[in-house]
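Colleague: Before I use this model, I would like to go through its annotated sites, its cysteines and its domains with you. Could you take my questions one by one and show how each answer is reached?

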Amino acid sequence: MSKAVWIQHAAQLVTMHLPEHVGPRTKGDMSELGLIEDGSVWLEDGVIQAVGTTSELKEIYESRAQEAEIVDATGHLITPGLVDPHTHVAFGGSREREFEMRLEGATYMDIMNAGGGIHATTRMTREASEEELIEQTSKRLDSFLAHGVTTVEGKSGYGLDLETEMKQLRVMKYLQEHHAIDLVPTFMGAHAVPAEYKGKEEEYVNLIIETMLPKVAEEKLAVFNDVFCEVDVFTPEQSKRILEAGKKLGLTPKIHADEIKPYGGAELAAEVGAISAEHLLKASDEGIEKMAEAGVIACLLPATALYLREEAARGRVMVDHGVPVAISTDCNPGSSPTTSMPLVMNLACISMRMTPAESLCAATYNAACAIGMEDKVGSIEVGKQADLVLWDVENYQKLQYLFGVNHVQQVWKKGVQVVG
């Protein structure tokens, strides 16, 4: 068992606690941070045991102070560990040349149709051994921790054949068991149509439905099933077939929707009961309304929009229309090679007109909801995992105000200090 940790005198403790609230937060509830000034938390056996003001916890734990590591958080902000609900963290190789190509005028789809993009990473991931993928992915997870992220969703989708998709998922399973971070796996065989199936797209869709999905479900290697519903990738009809097939096998639907063009992806997310729809740069007004009605979480990726020099998703509109919003790095080698959730929170404010409070909710509690982990992580509440971040700022507004800077000073994962 890890030693007890007693954090005291936090200038602000952001608990994200909202009494009697269930499920992802919308509208004004996204601004309810459960702030405690001169806050204190007692961590023991990997679990949060008590939360309150420092004076309140001293009444309970003063007699046990010698048993705990005392952390003086005077002048600092404490938040839940950040949650990144959309990454492609397990991949081989790198694609810095494509960054240069885009600056020279090539579009995302130009690069992809020329054999770059997802296809390039697919080649490199197929060639990499499991050991090589574990080493590369572990370094990225270390970087996530250094940026205050304690829980990460990871997608396959750089295999596009049964063997490599399973390899990616096995790598994530290994790292979930051996790395400090929580890594939640998503199967995304429908990330692109592989080059060898060009002109035979229906055959590949059938391969996913008839072979890949049953194998993934049989070995319990994924929680979610995701599909890239986009022009020149998978049609809404193909996407629906893939997502419904996954549902029958117990895999919860997610969907990459309306990233490049309006394509009905947001509407499809509502129709199939997806837990979340991702990207949504071009989501229609009707799609936004249907997501709000169905309670589909919008997982928005402002760093991807910045990197591709596109206008960000309409985060302000979605919040105001009652869509629960989460945010993510979209960590991937082509369109968002970053592990900085602090930067993403900054961009949610700057590019999508979300408030600092909404941004923090979107990176913690709502992000946890987007991967079905809200009962364990995403808020500082008694009984939840002891995942916390101590920031070198005194309030949550300053966390967003001082942008492009990593203010992380200490991180605890399940009560164990892993950073600082």
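The exchange below concerns a predicted model, and it moves from the annotated sites to the cysteines and the domains.

Colleague: What is the largest C-alpha distance among the residues of the "binding site" feature that includes His86?

Modeller: In this predicted model, the feature comes from an unreviewed UniProt entry, which places it at His86, His88, His256 and Asp330. These positions are spread over 245 residues of sequence, yet they cluster in space, with a largest C-alpha distance of 12.3 Å.

Colleague: Which of these residues does the lining of the largest cavity include?

Modeller: The unreviewed UniProt entry gives the set as His86, His88, His256 and Asp330. Of these residues, the ones included in the lining of the largest cavity are His88, His256 and Asp330.

Colleague: Is His86 buried or exposed?

Modeller: His86 sits in the loop between β6 (82–84) and α2 (96–103), and beyond its close sequence neighbours it is in contact with residues including Glu153, Lys155, His256, Cys299 and Asp330. Its relative accessibility is 0%, and because buried means under 20%, His86 counts as buried.

Colleague: With which side chain does the side chain of His256 make a polar contact of 3.5 Å?

Modeller: His256 has its place in strand β10 (residues 252–257) and counts as buried at 2% relative accessibility. Among the residues that His256 touches, leaving out those up to four places away in sequence, are His86, His88, Lys155 and Asp226. The side chain of His86 makes a polar contact with that of His88 at 3.4 Å, and the 3.5 Å polar contact of the His256 side chain is likewise with the side chain of His88.

Colleague: Which residues of the "binding site" annotation that covers Arg95 are taken in by the lining of the largest cavity?

Modeller: This annotation, again from an unreviewed UniProt entry, covers Arg95, Tyr158, His191, Glu259 and Ser335. From this set, the lining of the largest cavity takes in Arg95, Tyr158, His191, Glu259 and Ser335.

Colleague: Which residue offers the backbone oxygen that the side chain of His191 reaches at 3.0 Å?

Modeller: His191 lies in the loop between β8 (182–190) and α7 (201–218), and its relative accessible area of 4% makes it buried. Beyond its close sequence neighbours, His191 touches residues that include His88, Gly157, Tyr158 and Phe228; Tyr158 is found in the loop between β7 and α6 and is itself buried, at 2%. The backbone oxygen reached at 3.0 Å by the side chain of His191 belongs to Gly157.

Colleague: Which side chain makes a polar contact with the side chain of Ser156?

Modeller: Ser156 is found in the loop between β7 (149–155) and α6 (162–178), where its relative accessible area of 0% makes it buried. Apart from residues up to four places away in sequence, Ser156 touches His88, Gln168, Met172 and Phe187, among others. Its side chain makes a polar contact, at 2.6 Å, with the side chain of Glu165.

Colleague: How many disulfides does the count come to?

Modeller: A disulfide requires two cysteine sulfur atoms within 2.5 Å. The sulfur of Cys349 has its closest cysteine sulfur in Cys361, 12 Å away and therefore too far for a bond, while the closest to the sulfur of Cys361 is that of Cys369 at 8.1 Å, also too far. Cys349 and Cys361 are buried, at 17% relative accessibility for Cys349 and 0% for Cys361, and by the distance rule the count of disulfides comes to zero.

Colleague: What distance separates the C-alpha atoms of Gly315 and Met373?

Modeller: Gly315 is found in helix α12 (residues 315–320), and at 0% relative accessibility it counts as buried. Leaving aside neighbours within four places in sequence, Gly315 is in contact with Leu300, Met352 and Met354. Met373 is 58 residues from Gly315 along the chain, and their C-alpha atoms are separated by 22 Å.

Colleague: How far apart do the C-alpha centres of domain 1 and domain 2 lie?

Modeller: The domain assignment gives domain 1 as 4–81 + 379–419 and domain 2 as 82–370. Across the boundary, 35 residues of domain 1 are in contact with 38 residues of domain 2. The C-alpha centres of domain 1 and domain 2 lie apart by 29 Å.

Note on methods: Residues are numbered from 1 along each chain as its sequence is written. This is a predicted model: local features need pLDDT of at least 70, side-chain atom pairs count only at pLDDT 80 or more; totals for chains, interfaces and linings use all residues. Side-chain values use heavy atoms; hydrogens and water are left out. UniProt positions are given in the numbering used here, feature names are shortened, and annotations may be inferred rather than shown by experiment. On a 1 Å grid over the protein atoms alone, a cavity is a set of points where a 1.4 Å probe fits but cannot get out, and a pocket is an open set with protein on both sides within 12 Å along at least five of seven lines; lining residues have an atom within 4 Å of a point. Helices (H or I, at least four residues) and strands (E, at least two) are DSSP runs, numbered from the N terminus. Buried means under 20% relative accessible area, exposed over 50%, partly exposed in between (1.4 Å probe, protein chains only). Contact means heavy atoms within 4.5 Å. A polar contact is a pair of N or O atoms within 3.5 Å; within protein, one must be able to donate a hydrogen and the other to accept it, and residues adjacent in sequence count only if both atoms are side-chain atoms. Domain bounds come from an automatic or database domain assignment.
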